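Welcome! Let us take a friendly walk through one protein model and look at its sheet, its salt bridges and one residue in its interior.

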Amino acid sequence: NELTGTIADQIGDLNNLEVLSLMENWLTGNIPDSIGGLTRAEGLRLQSNQLTGTIPTTIGQISKAIELRLGYNNLTGTLPSELSSMTGIQDLFFEHNRLSGTIPEELYDLPDLYAFVVTGCNLTGTISTKIGQWPELMYLWLHLNRFSGALPSQLKSLTKLWEARFSGN
């Protein structure tokens, strides 16, 4: 589509919504804090827009979410530790944003994570040894960031890992 404008603050009032798919449009502005009201949502697809600002911490209130796709926007700030409240999350896609900081330790406690993609986000720090706590992980794209240190040996415990990208760090 070619939707323009911002995401309305009232988006959180759609509390029976199960999937919000606004990807590949020209939406601008911040993701409203009210998005946390989408408590029944299993899929949030906001990638490939012009969204700015930080990822609202209220997004962690969407505990039924299975997929969160925020890639290809202009989001800034850090990955909120509140994402760890999305206990059923399987796919986290943040690639090609202007994020900073480290991967919050709390995110390593997500037991069902299948894909973690933060390519090209300017993240820093080391990759935690807690990465071995993602037993279902198949896709790990960490390239084009500013990570430092050694790769943790716990990567070998990720027996389902199919594709991992670390270049350009």
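A salt bridge is counted when a side-chain nitrogen of Lys or Arg is within 4 Å of a carboxyl oxygen of Asp or Glu. Keep in mind that this is a predicted model.

**Salt bridges**

By that rule, the count comes to seven salt bridges. Three of them are listed here, each with its N to O distance.

| Acidic residue | Basic residue | N to O distance |
|---|---|---|
| E18 | R40 | 3.7 Å |
| E67 | R69 | 2.6 Å |
| D91 | R69 | 3.8 Å |

Start with the side chains of E18 and R40, which meet at 3.7 Å, N to O. E18 sits in the loop between strand 1 and strand 2 (19-21), while R40 sits in the loop between strand 3 and strand 4, so the pair ties together parts that are 22 residues apart in sequence. E18 has a relative accessibility of 41% and counts as partly exposed. R40 is partly exposed too, with a relative accessible area of 38%.

Now move to R69, which forms a salt bridge with E67 and another with D91. The pair of D91 and R69 links distant parts of the chain: D91 belongs to strand 8 (residues 91-93) and R69 to strand 6 (residues 67-69), 22 residues apart. Through shared partners, salt bridges join R45, E67, R69 and D91 into one network.

Are the members of this group buried or exposed to some degree? E67 counts as buried because its relative accessibility is 11%, under the 20% cut-off. D91, at 14%, also counts as buried. R69 has a value of 21% and counts as partly exposed.

**The sheet**

Next, find the three strands that form an open sheet in the order 1-3-5, with parallel pairing. Strand 1 (4-6) and strand 5 (50-51) stand at the edges with a single partner strand each, so one side of each has no neighbour in the sheet. Strand 1 pairs with strand 3 in the parallel sense over three bridges. Within these strands, T6 stands opposite T28 in strand 3.

**A buried leucine**

Where does L38 lie? L38 is in the loop between strand 3 (26-29) and strand 4 (43-45). With a relative accessible area of 0%, L38 is buried. Leaving out residues up to four places away in sequence, L38 touches I11, G12, L14, L17, L20, L44 and I62. L38 and N15 are 23 residues apart in sequence, yet their C-alpha atoms are 4.8 Å apart in space.

Terms used:
Residues are numbered from 1 along each chain as its sequence is written. This is a predicted model: local features need pLDDT of at least 70, side-chain atom pairs count only at pLDDT 80 or more; totals for chains, interfaces and linings use all residues. Side-chain values use heavy atoms; hydrogens and water are left out. Helices (H or I, at least four residues) and strands (E, at least two) are DSSP runs, numbered from the N terminus. Buried means under 20% relative accessible area, exposed over 50%, partly exposed in between (1.4 Å probe, protein chains only). Contact means heavy atoms within 4.5 Å. Two strands pair if DSSP finds at least two bridges between them.
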